[in-house]
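Let's walk through this model together, one question at a time. Keep the viewer open as you read.

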Amino acid sequence: MAAATQQGAQFVDRVVLHVVAGHGGHGCASIHREKFKPLGGPDGGNGGRGGDVVLEVDTGTASLLEYHRRPYRKAPNGRPGQGGHKTGANGDDVVLRVPDGTVVKDLDGNVLADLVGEGTRFVVARGGHGGLGNAALASPKRKAPGFALLGEPGEDREVVLELKSVADVALVGFPSAGKSSLIAAMSAARPKIADYPFTTLVPNLGVVEAGDTTFTVADVPGLIEGASEGRGLGHEFLRHIERCSTLAHVLDCATLEPGRDPVTDFEVIERELAAYDRDLGDRPLSDRPRLVVLNKIDVPDARDLAELVRPEFEKRGLKVFEVSAASHEGLRELTFALAEMVKSYRAALPPAEPTRLVIRPRPVGGTEFEVKDLGDNTYLITGEKPVRWLRQTDFTNDEAVGYLADRLARLGVEEALAEAGASAGATVLIGTPDDSVVFDWEPEVPAGGDAGAHGPRGTDSRLDGR
């Protein structure tokens, strides 16, 4: 969401980012040659790995504006291998700085990562592996391969970045309730302030000190009735409350709008918070401690109204503070009360643990590929290994195609096709129905046998007469 322009600077807290990791470099097919020794063996090096695209928290970054302007990011490719056993250089990683509190989601809304804390990193797209050179492919049966493997493509994906403010206290209330003035009076923050609704179009953060407690306050832009249903800029504003442990209702006691009074305003905002309630943090919004701030008591009529409605809030078990952001009356008491609530919340938290690198290995066992009968003697083979091997194969080189056939045979694809009922001349697709490589299956062509009989380098006698 490009949340409008304020003082010439645009604030963005939601973007769709398209990232492409670097492709792996191709392996090299080379034969060592020197005087009086024309065939000294394979010496082709491996290709380099493609660069990753990494998101990293930088507390000096305030919004996602950079990715709103440039939503496409790509990492460099790995370099191809060379003769003389020279491995290609790896592509450099592209590190994208994001604000503290950025949530990474896929296009379906599933959370991939929640980035909180300076230096927290998430690899959003992994670079492709480099292809093996012919030196690495040599074996007792294939002493001088005339081919090398191609580098694998890097990941190509779209993700959604959402920024949720990281603050201890959220100031919530209607537009022009005085939240911006209040945060300016309590901290060193200097938000834009004027006397018309929706002055604040971006969340402002301020750091407040009260005794030995330091906490942050978020001036959440004005909410209105229907915000939880997306009215106005409701959802974009409400997401900034999710991480706050304490809520402070800032109520305008000097409003002249018809149908508005502090009690009604409080009830409307509470309904919107309850409707938006999400159990994404340690507690849902409805369970978080809150207090009431009756603002603008420097206006005589506002002071009288504050004294009138105060008992109503106290009957509900809420702490009430009458303050004036203009004259600073009551701010000290409010500041220390908020500090005490934040301190109590922090004390109830479990001891902090250092960030750990979590390794999630893939399950061992299970089916490495599947054969699906599509009818009319046509079969689809899916699975990570077959698809990956396809990407590594140079189909302009017969020997490379024969090597692919050997790998598929060792994996058990030939037997699986026979069991599925495939007959000679069957159409075999490997990949997905929309993106696949098509073969004509000839079961009488041997695969996985003696590689030494496959012909000169770069050829495979099994493929003659195709």
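Q: Which residues does UniProt list for "binding site"?
A: Keep in mind that this is a predicted model. The "binding site" annotation comes from an unreviewed UniProt entry. The residues listed there are Ser 180 and Thr 200.

Q: Is Ser 180 buried or exposed?
A: Ser 180 has its place in helix H3, which spans residues 179-186. Its relative accessible area is 9%, and the cut-off for burial is under 20%. Ser 180 is therefore buried.

Q: Which residues of H3 are buried?
A: Helix H3 is largely enclosed by the rest of the structure, because six of its eight residues are buried. The cover over these buried residues includes E11, E12, E13, E14, E15 and H7. The buried residues of H3 are Lys 179, Ser 180, Leu 182, Ile 183, Ala 184 and Met 186.

Q: Which element gives the most to the largest nonpolar core?
A: In soluble globular proteins, nonpolar side chains tend to be buried together. Here the largest nonpolar core has 24 residues, and those with the most contacts inside it are Leu 182, Phe 215, Leu 291 and Leu 334. At least two core residues each come from strand E11 (169-172), H3, strand E12 (204-210), strand E13 (213-219), strand E14 (246-252), strand E15 (290-295) and helix H7 (331-348). The element that gives the most, with seven residues, is H7.

Q: How many residues are in the second, separate core?
A: Before leaving the largest core, look at Phe 215: beyond its sequence neighbours up to four places away, it touches residues including Val 207, Val 208, Leu 338, Ala 339 and Val 342. The second core is separate, and Ala 75, Val 98, Val 159 and Leu 163 are among its members. Its residue count is 22.

Q: Which strands stand at the edges of the six-stranded open sheet?
A: The strand order in this sheet is E12-E13-E11-E14-E15-E16, with mixed pairing. An edge strand pairs on one side only, and that picks out E12 and strand E16 (320-322).

Q: Which residue of E14 is the bridge partner of Val 172?
A: E11 and E14 run parallel and are joined by four bridges. E14 also pairs with E15 in the parallel sense, over six bridges. On that E15 side, Val 292 stands opposite the very residue we are after. The bridge partner of Val 172 is His 249.

Q: How many residues of E15 are buried?
A: From E15, Arg 290, Val 292 and Leu 294 point one way, while Leu 291, Val 293 and Asn 295 point the other way. Both groups are buried. E15 is thus mostly covered, and the buried count is six of its six residues.

Q: Which residue in E16 stands opposite Leu 294?
A: E15 and E16 run parallel, with three bridges joining them. Leu 294 is the E15 residue of interest, and its opposite number in E16 is Glu 322.

Q: What angle does the direction of helix H6 make with that of E16?
A: Helix H6 covers residues 300-315 and packs on the sheet. The strands it touches are E14, E15 and E16. With the direction of E16, its own direction makes an angle of about 165°.

Q: Why is one side of E17 and of E20 left without a neighbour in the sheet?
A: Another open sheet has four strands in the order E17-E18-E19-E20, with mixed pairing. Strand E17 (370-375) and strand E20 (436-441) stand at its edges, so one side of each has no neighbour in the sheet. The reason is that each has a single partner strand.

Q: Which residue in E19 is the bridge partner of Ile 381?
A: Strand E18 (residues 378-382) pairs with strand E19 (residues 426-431) in the parallel sense, over four bridges. Within that pairing, the partner of Ile 381 is Ile 430.

Q: Which residue's side chain makes a polar contact of 3.3 Å with that of Lys 105?
A: Lys 105 lies in strand E7 (residues 102-105). At 14% relative accessibility it counts as buried. Residues it touches include Asn 110, Val 111, Leu 112 and Val 159. The side-chain partner at 3.3 Å is Glu 162.

Terms used: Residues are numbered from 1 along each chain as its sequence is written. This is a predicted model: local features need pLDDT of at least 70, side-chain atom pairs count only at pLDDT 80 or more; totals for chains, interfaces and linings use all residues. Side-chain values use heavy atoms; hydrogens and water are left out. UniProt positions are given in the numbering used here, feature names are shortened, and annotations may be inferred rather than shown by experiment. Buried means under 20% relative accessible area, exposed over 50%, partly exposed in between (1.4 Å probe, protein chains only). Two strands pair if DSSP finds at least two bridges between them. A nonpolar core is a set of buried Ala, Val, Leu, Ile, Met, Phe, Trp, Tyr and Cys residues joined through side-chain atoms within 4.5 Å. Contact means heavy atoms within 4.5 Å. Axes are lines fitted to C-alpha atoms, for helices over the stretch in contact, and angles run from 0 to 180 degrees between N-to-C directions. A polar contact is a pair of N or O atoms within 3.5 Å; within protein, one must be able to donate a hydrogen and the other to accept it, and residues adjacent in sequence count only if both atoms are side-chain atoms.
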